[in-house]
Amino acid sequence: MSPLLAVAAAAVFLWSGGLVYARFLARRIGETPGRPTPAIRLNDGRDYVPTPTPVVFAHHFASIAGAGPIIGPVIALAFGWLPAVLWICFGGIFIGAVHDYLATYMAVREDGQSVATIARRLMGKGVFLAFVFFLIVSLALVCAAFLNLSATALTSMLPFDRVEMPENQTLFRVEGTGPDRQVVIGGVASMSVIVITALAPLLGWMYIRRQVAVWKCSLLAILLCAVSILIGVYRPVALSADAWMILLSIYVLVAAGVPVWIFLQSRDFINVHMLYVGMAALGVTLAAAAVRAPAPVDPLPALDIAGGEAALGNFWPALFITIACGAVSGFHSLCAGGTTCKQLVAETAARRVGYFGMILESFLALCVVAVMMIGARQATYLADVHPKLAGATGVSNPILGFAVAVGTAGKIAFGAPVAVGALAGMILLEGFLVTTLDTAVRLTRYLIEEIWRALFDRYDVFAAPAPAGDATAPATAAAPIPTRGAFRTILKALHLYWVNSGLAVALTLLFALSGGVKALWGIFATCNQLLAAMVLFLASVWLIRQGRRCLFAAVPAVLMLATTVASLIQLLTRYLEAPKENATLLVANLVVMGILAYLLAAGVRLALRRRSDTGGVAG
């Protein structure tokens, strides 16, 4: 099957199916266009900031996309491209986009509160604390996976004989001599990241503080992207992977504490133009390559269950977990209930941003599958992504596999050297990675702050003030317990943005240093999909409380729960084979399984109690 035909058919299915199903969902959940949103009612200039929908969409899409829709499909192609395409399409429309829309809509209706806070109101403090702890672990794994991927991307190298560049080329830095020469293709992206980050506050000041028209800001953003790449070509940055991890950790530590418009919103807004242009260029390359492509030599198979299971484990759940954000992602609910819901100016924007942000991400995943079908050969794909299956001893590098496929597709389409296309793929990928990192760390900060408020709300430092004019408050609320000395100092420290951001970054580094890209991907993707199942269950309860039907949320919740539980068991078996090497990931797996067991038991108790109270089952 032509990759172009496969992507075109899938794109039509995604957008047409999405349009119909999104409208169906809007009617079911009672979307109200004129209802004031938290961004308008609670505008504080820091977290709650009314923002034009295109800007919010840019921030949201750049935050949710990350490396998931690129790396996940690349790894999962071990099973063949046909299962990947089918799961991306059906999962995107009926599970992933539904999850994102409901998470965004619930958060907007609940004053911009996180899914954990909503869970507390519906199910109690115990469930809330367990859920928040799970969210923090999940987010730390998200950050660790993307931090690891960022460092890998920014330091990636290709053997000189694979880039098809002349001996006297000066575009890329070359390390080593003779047959061991390596071309550094990450240096350009490195400088691009630095330039965009440094200039992001300027753009934020323009569209938030000076109210400059969005289209003017978009033109400037495109110019900044082009300039950053040009500077990178002439002044590439050469740092080690460990150095990049430290620098990126310092950046996200700062970005997680300052007002959203300084780095988070503005950097995403700039970067998303690079992503839009990159996706458009990827589409043009696919179209040209599909027309000019020669007869395939050693192509990726449509179906290879045996090969996939040798690389990743049982077809179910491995395929559905590995695709990750290309079909469904629980992390999206944290973006929706963390930053996105605090910026939307209308409930209809929750559908446009939430549902169609996921649809666009699924389309990106399809484009990745297509470019791998055109630009990758089975032998080189296995050598880069699943080296053990190719009889090699190297480390899995799906980033390199994707970049080389883009480079080969560019050569087929336009006759460009493989290295040029690989560089373009690397810049596209890095744009997604860093934008997710700063959002995820900020969301982790929010959740850590929620834990402190829940644990210490009876003490004066954390006690919420009584509403102004509420004469009954003193009589109905217990007086806060006064604190002093070291304990008071500690509680005050837990109020600081930088302390909580620092805790988030420290946990990220702990996981990031515990394994490579492929080792982290399994537990990250499993927790990610498990979170999606939990949020879909929570949405079902919330809808029932609103007097609404919930099958469109409950059925996907059950499917994802079964899949993720199977994956946790599969991963546990793998970690127990080498417990010392996988100690951190093994502990994370056991903690997640324990939290899941507690939450399931709490859910059953709540359901039985409600059944006893009502004499039947709520409909």
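Student: Which residue follows H6, and what is the sign of its phi?

Tutor: Gly-124 follows H6, and its phi is positive, near 105 degrees. Helices here are DSSP runs (H or I, at least four residues; strands are E, at least two), numbered from the N terminus. This is a predicted model, in which local features need pLDDT of at least 70, side-chain atom pairs count only at pLDDT 80 or more, and totals for chains, interfaces and linings use all residues. Residues are numbered from 1 along each chain as its sequence is written, and side-chain values use heavy atoms, with hydrogens and water left out.

Student: Which residues of helix H6 are buried?

Tutor: An α-helix has 3.6 residues a turn, so residues three or four places apart point the same way. Buried means under 20% relative accessible area, exposed over 50%, and partly exposed in between (1.4 Å probe, protein chains only). In helix H6, residues 115–123, the buried positions are Val-115, Ala-116, Ile-118, Ala-119 and Leu-122. Viewed down the axis of H6, these residues fall within an arc of 155 degrees, so they line one face of the helix. The arc is that of the directions from the helix axis to the C-beta atoms.

Student: Where do residues other than glycine have a positive phi, and which peptide bond is cis?

Tutor: Most residues other than glycine have a negative phi, and most peptide bonds are trans. Asp-111, not a glycine, has a positive phi of about 60 degrees; Asp-111 lies in the loop between helix H5 (81–109) and H6 and is partly exposed, at 33% relative accessibility. Ala-324 has a positive phi near 55 degrees; Ala-324 sits in the loop between H14 and H15 and is buried, at 0% relative accessibility. The peptide bond from Trp-316 to Pro-317 is cis, with omega near 20 degrees, and Pro-317 belongs to helix H14, residues 315–322.

Student: How many residues has the largest nonpolar core, and which helix gives the most to this core?

Tutor: A nonpolar core is a set of buried Ala, Val, Leu, Ile, Met, Phe, Trp, Tyr and Cys residues joined through side-chain atoms within 4.5 Å. The largest has 231 residues, and those with the most contacts inside it include Phe-131, Phe-134 and Phe-146. Helix H7 (residues 125–154) gives the most to this core, with 22 residues. Contact means heavy atoms within 4.5 Å. Not counting residues up to four places away in sequence, Phe-134 touches Cys-527, Leu-530, Leu-531, Met-534, Val-592 and Ile-595.
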